[in-house]
Amino acid sequence: MRKLAAGNWKMNGTNASLSEVAALLKAHPAPACEMLLCPPAPLLSRMADVASGTQLRLGGQDCHAEVSGAFTGDISAAMLADAGATHVILGHSERRAVHAESDDMVQGKAKAAIATGLIAIICVGETERQRDAGATLDVIGAQLLGSLPDGASSATVVIAYEPVWAIGTGRTPTLPEIADVHLFLRSRLTSRMGADALEVRLLYGGSVKPSNAAEIFALPNVDGALVGGASLKAADFGAIVAALSDAG
Ligand code: PGA
C-alpha cells in the first residue's frame, strides 16, 4: 500500500501560509508516499488552487453528520468536497475533548463523509491517565469499534493512533509501545473487516517531527503519520514526507 503523510494545520494558517504549500510542492513534486494537508476550512479552496495538477491531496478537519440545514458554524462533507477536499479528519482528540464528541457522533460523521466520497481519517488515542492505568488498549479498542461505520473499507477509512498526551507536547510513546498499539489496531480491524484490514492505512500521530520520523516509520503496521505542528513548515513536513518515502 502507498503510505500517507497527513498534515493537520488545526486552527493555524492564513492566505500568507500558502507560500509554505508552494515551497513544499517545489521541494517534493513527486514523493513516493501520498501527501495530504488539512488546512482550516476557509483556506481549502485557495489551497486547492495551489495544489491543482500536483499530487498533494487536501482534507477537512471535521464535518457535520447532516448534509445541510440549520447548523450554524458547521460544515458538511459535501461542502468540503466542493472546496477540493478528498479526506476529512474525524474524532480528533481535540474535538472529542473540547467539543465533547462521542464515538457515536464520530461514526455519524464518518458515514456522512464516506457517503459523500471523502476518505474518513478516524482518530483514536488514550489520555495519559488511561495509559498509566493500563487501559490503553481497552480505550482504543472501544473508540475504534464505536467510531467505525459498518461497511468501512480500506478505500474509505484511515485510522490514526494519536495518544492524547503526545499531541503537541514533544513526547512520544516508546517505539515498542507504538508498535503494540498498531498491531492491536490491525487485529481488531481484521476481526471486523476481514482481509481488507491489511490494506487500511494506520497512521501514528503525536509529536512526529523530522528527527523521530524515520524510526517510527520503520515500525510494522505504521503506514504513515498525522502531523500537527511540524506540518506548518514546508521544510519540516517535507523532511517527514522524505522519511516516509524512504521507508517505502
Ligand atoms: P502534533 O499534533 O504533531 O503537533 O503533536 C498531531 C495531531 O494532533 O494531529
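1. Let me start inside the protein: the largest cavity has a volume of about 30 Å³. This is a predicted model, so please read every point below in that light. With the rule used here, the count is one cavity of 30 Å³ or more. Its lining is made up of W9, E20, V21, L24, L37, S231, L232, K233, A234 and F237. By class, seven of these are nonpolar, one is polar and two are charged.

2. Which helices each supply at least two residues of that cavity lining? They are α1 and α10. Helix α1 gives the largest share, three residues. You may like to look at this helix next, as V21 and L24 appear both in the cavity lining and among the buried residues of α1.

3. Helix α1 covers residues 18-27, and L18, V21, L24 and L25 are buried in it. These residues sit on the same side of α1, because the arc they cover around the axis is only 110 degrees. The face turned away from this buried side carries K26 and A27, both exposed. As for partners, the buried residues of α1 pack against β2 (34-38), α2 (44-51), β3 (56-60) and α10 (234-247).

4. Just ahead of that helix there is a backbone detail worth a look. K10 lies in the loop between β1 (4-8) and α1. Its phi is positive, about 50 degrees, although K10 is not a glycine. For context, most residues other than glycine have a negative phi. K10 also turns up in the next point, as one of the residues nearest the centre of the largest pocket.

5. The largest pocket has a volume of about 540 Å³. There are 22 residues in its lining, and K10, Q61, D62, R95 and H99 lie nearest its centre. By class, the lining has ten nonpolar, seven polar and five charged residues. Which helix gives the largest share of this lining? That is α4 (residues 93-98), with three residues.

6. A second backbone detail follows in the loop between α4 and α5, where A100 is found. A100 is not a glycine, yet it has a positive phi of about 50 degrees. Is A100 buried or exposed? Its relative accessibility is 57%, so A100 counts as exposed.

7. On to helix α5 (residues 103-116), which has 14 residues. From its first C-alpha to its last it reaches 20 Å, close to the 20 Å expected at 1.5 Å a residue. The buried residues in α5 include V106, Q107, K109, A110, A112 and A113. Among the elements that cover the buried residues of α5 are α3 (77-82), β4 (87-90), α4, β5 (119-124) and α7 (136-147). Just after α5 comes G117, with a positive phi of about 95 degrees.

8. The second largest pocket has a volume of about 180 Å³. It is lined by 17 residues, and those nearest its centre are G168, S207, V208, G228 and G229. Here the lining has five nonpolar, nine polar and three charged residues.

9. H182 deserves a point of its own. This residue is in helix α8 (residues 175-193). Why does H182 count as buried? The reason is its relative accessibility of 0%, as buried means under 20%. Leaving aside residues up to four places away in sequence, H182 touches Y161, L202, L203, Y204, P220, N221 and V222. For one of these partners, Y204, there is also a C-alpha separation: 8.3 Å from H182, with the two residues 22 apart along the chain.

10. Last comes helix α9 (residues 210-217), whose buried residues are N212, A213, I216 and F217. Seen down the axis of α9, they fall within an arc of 130 degrees, so they line one face of the helix. On the other side of α9, S211 and A214 are exposed. The buried residues of α9 pack against α8, β7 (202-205), β8 (224-227) and α10. Helix α10 thus takes you back to the opening points: the buried residues of α1 also pack against α10, and α10 supplies at least two residues of the largest cavity's lining.

Key:
Residues are numbered from 1 along each chain as its sequence is written. This is a predicted model: local features need pLDDT of at least 70, side-chain atom pairs count only at pLDDT 80 or more; totals for chains, interfaces and linings use all residues. Side-chain values use heavy atoms; hydrogens and water are left out. On a 1 Å grid over the protein atoms alone, a cavity is a set of points where a 1.4 Å probe fits but cannot get out, and a pocket is an open set with protein on both sides within 12 Å along at least five of seven lines; lining residues have an atom within 4 Å of a point. Grid points are joined across faces, edges and corners, and a volume is the space filled by probe spheres set on the points. Helices (H or I, at least four residues) and strands (E, at least two) are DSSP runs, numbered from the N terminus. Ala, Val, Leu, Ile, Met, Phe, Trp, Tyr, Cys and Pro count as nonpolar, Asp, Glu, Lys and Arg as charged, and the others, Gly among them, as polar. Buried means under 20% relative accessible area, exposed over 50%, partly exposed in between (1.4 Å probe, protein chains only). The arc is that of the directions from the helix axis to the C-beta atoms. Contact means heavy atoms within 4.5 Å. The expected span of a helix is 1.5 Å times one less than its number of residues.
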